[in-house]
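Subject: Structure handover

Hello,

Here is the structure we discussed, for you to take over. My notes on it follow below the entry.

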Amino acid sequence: MSNERAAADSDPNSGVDPYQRLQIARNPDGSITRLFKCPDAPPSSDPKLPTPVLTKDIPINQSNNTWLRLFLPRHVLDQTSPTTKLPLVVYYHGGGFILLSAASTIFHDFCFNFAADVPVIVASVEYRLAPEHRLPAAYDDAVEALHSIKTSQDDWLRDYADLSNCFLMGSSAGGNIAYNAGLRAAAEGIDLLHPLKIRGLILVQPYFGGNRRTSSELRLVNNPVLAPSVCDLMWDLSLPIGADRDHEYCNPMAGGDSNGFDQVKALGWKVLVSGSDGDPLIDRQIELVKMLEGKGVHVVSQFIEGGYHGAQDVEPSKARDVFVLVKHFIFP
């Protein structure tokens, strides 16, 4: 029996059809048909346009169709001499590893407003999706993006981004990607990414799981935004074939001492984790914070009452709350 069907049978909400909830259909070749197409936003790099943020796409790996969408606050263009460069935030979008894009309007708008409000330069990564490209493909693309940035001759990155003040950020599945890409980058060592210097990780409602249901998953088993059975299906479609939800990609508690936190601590990185108790994943996020603190990593956490998974992607007021939190983290 497949992982998601087994979970559906064991959950009180077994009547929930996760395929219908996600608007996907599974194909015989293992791919999926995405029945709902989220609107995309085009980039706009013309400095003559009356916009507070300019955007453009630059390629990472054309054979994998991966690229970066850059968000540049236009006020930096008005400086007579750009003596002060802005921090660089490399952003990984959500979507359960199987849906959406860096061009999706909800993520484009989030990064646009984030770049303007903080302010920072944002490099939003278009990575390959599962199940057509199962994990660790997204992690591979995430780290390849960092290497692409460090060698890029793009004028926005070269002239306005402070590569020595870089943060990896993601929401939901993007938070999982930022976490795992960060561990890989830490294991590689600082020399391989020079002059790019990562200062920390920003994990907004990061998407993790496990075979055992947590109290918050049981409490919110009928959650209309992210029911546990929906999570099960997304993990089944994204993890390596044959892996269960206690694989280290899904469950950071399963990695033991092999996760590479000694390097993270030695590099002096700090980690921000935020969440809300209306999200079924909050217990896993709190577990992550406790584990990182136990490893001696500098952690800043904020967990609020109410809310729901992905609220910052659709509610401007929730997004602004995230911007304020992140601004204080980047500019303490």
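To begin with one pair: R128 and D141 are both buried. Their side chains meet in a salt bridge, at 2.9 Å from N to O. R128 belongs to the loop between β6 and α4, while D141 sits in helix α4, and the two are 13 residues apart. Please keep in mind throughout that this is a predicted model.

Salt bridges

The structure holds 13 salt bridges in total. Besides the pair above, I looked at a small group around one lysine. K56, D154 and D155 are linked in a network of salt bridges.

The contact between the side chains of D154 and K56 has an N to O distance of 2.6 Å. D154 lies in the loop between α4 and α5 and K56 in strand β3, so this salt bridge ties together parts that are 98 residues apart in sequence. Buried means under 20% relative accessible area. D154 has a relative accessibility of 10%, so D154 counts as buried. K56 is at 17%, and therefore K56 counts as buried too.

The other contact of the network joins the side chains of D155 and K56, with 2.9 Å from N to O. Here, too, distant parts of the chain are linked: D155 is in helix α5 and K56 in strand β3, 99 residues apart. D155 has a relative accessibility of 32%, so D155 counts as partly exposed.

The sheet

K56 leads on to the sheet, since its strand, β3, is one of the two edge strands. Eight strands make up this open sheet, in the order β3-β4-β6-β5-β7-β8-β9-β10, and their pairing is mixed. The edges are β3 (53-61) and β10 (298-304), each of which pairs on one side only. On average, neighbouring strands of the sheet are turned by 20° against each other, with direction ignored.

Within the sheet, strands β5 (residues 86-92) and β6 (residues 121-126) run parallel and are joined by five bridges. In this pairing, V89 stands opposite V122 in β6.

Helices

Which strands does helix α6 touch? Helix α6 (residues 173-188) packs on the sheet and touches β5, β7 (161-171) and β8 (198-204). The direction of α6 makes about 135° with that of β7.

Helix α10 (residues 282-294) lies across β8, β9 (270-276) and β10. Its direction runs at about 160° to β10. Strand β8 is thus listed for α6 and for α10.

Helix α8 (residues 228-238) is mostly covered, with eleven of its eleven residues buried. Among them are the charged-type side chains D232 and D236, along with W235, M234 and C231.

Backbone points to check

How many degrees is omega at the cis peptide bond between L135 and P136? The value there is about 20°. P136 lies in the loop between β6 and α4 (137-151), the loop that also holds R128.

Another cis peptide bond joins H194 and P195, with omega of about 10°. P195 is found in the loop between α6 and β8.

Positive phi values also turn up in residues other than glycine. N65 has a phi of about 55° although it is not a glycine. Its place is in the loop between β3 and β4 (66-73). N65 has a relative accessibility of 54%, so N65 counts as exposed.

L100, also not a glycine, has a positive phi near 75°. L100 is placed in the loop between β5 and α3 (105-117). At 26% relative accessibility, L100 counts as partly exposed.

That covers the sheet, the helices, the salt bridges and the backbone points.

Regards

Notes
Residues are numbered from 1 along each chain as its sequence is written. This is a predicted model: local features need pLDDT of at least 70, side-chain atom pairs count only at pLDDT 80 or more; totals for chains, interfaces and linings use all residues. Side-chain values use heavy atoms; hydrogens and water are left out. Two strands pair if DSSP finds at least two bridges between them. Helices (H or I, at least four residues) and strands (E, at least two) are DSSP runs, numbered from the N terminus. Axes are lines fitted to C-alpha atoms, for helices over the stretch in contact, and angles run from 0 to 180 degrees between N-to-C directions. Contact means heavy atoms within 4.5 Å. Buried means under 20% relative accessible area, exposed over 50%, partly exposed in between (1.4 Å probe, protein chains only). A salt bridge is a side-chain nitrogen of Lys or Arg within 4 Å of a carboxyl oxygen of Asp or Glu.
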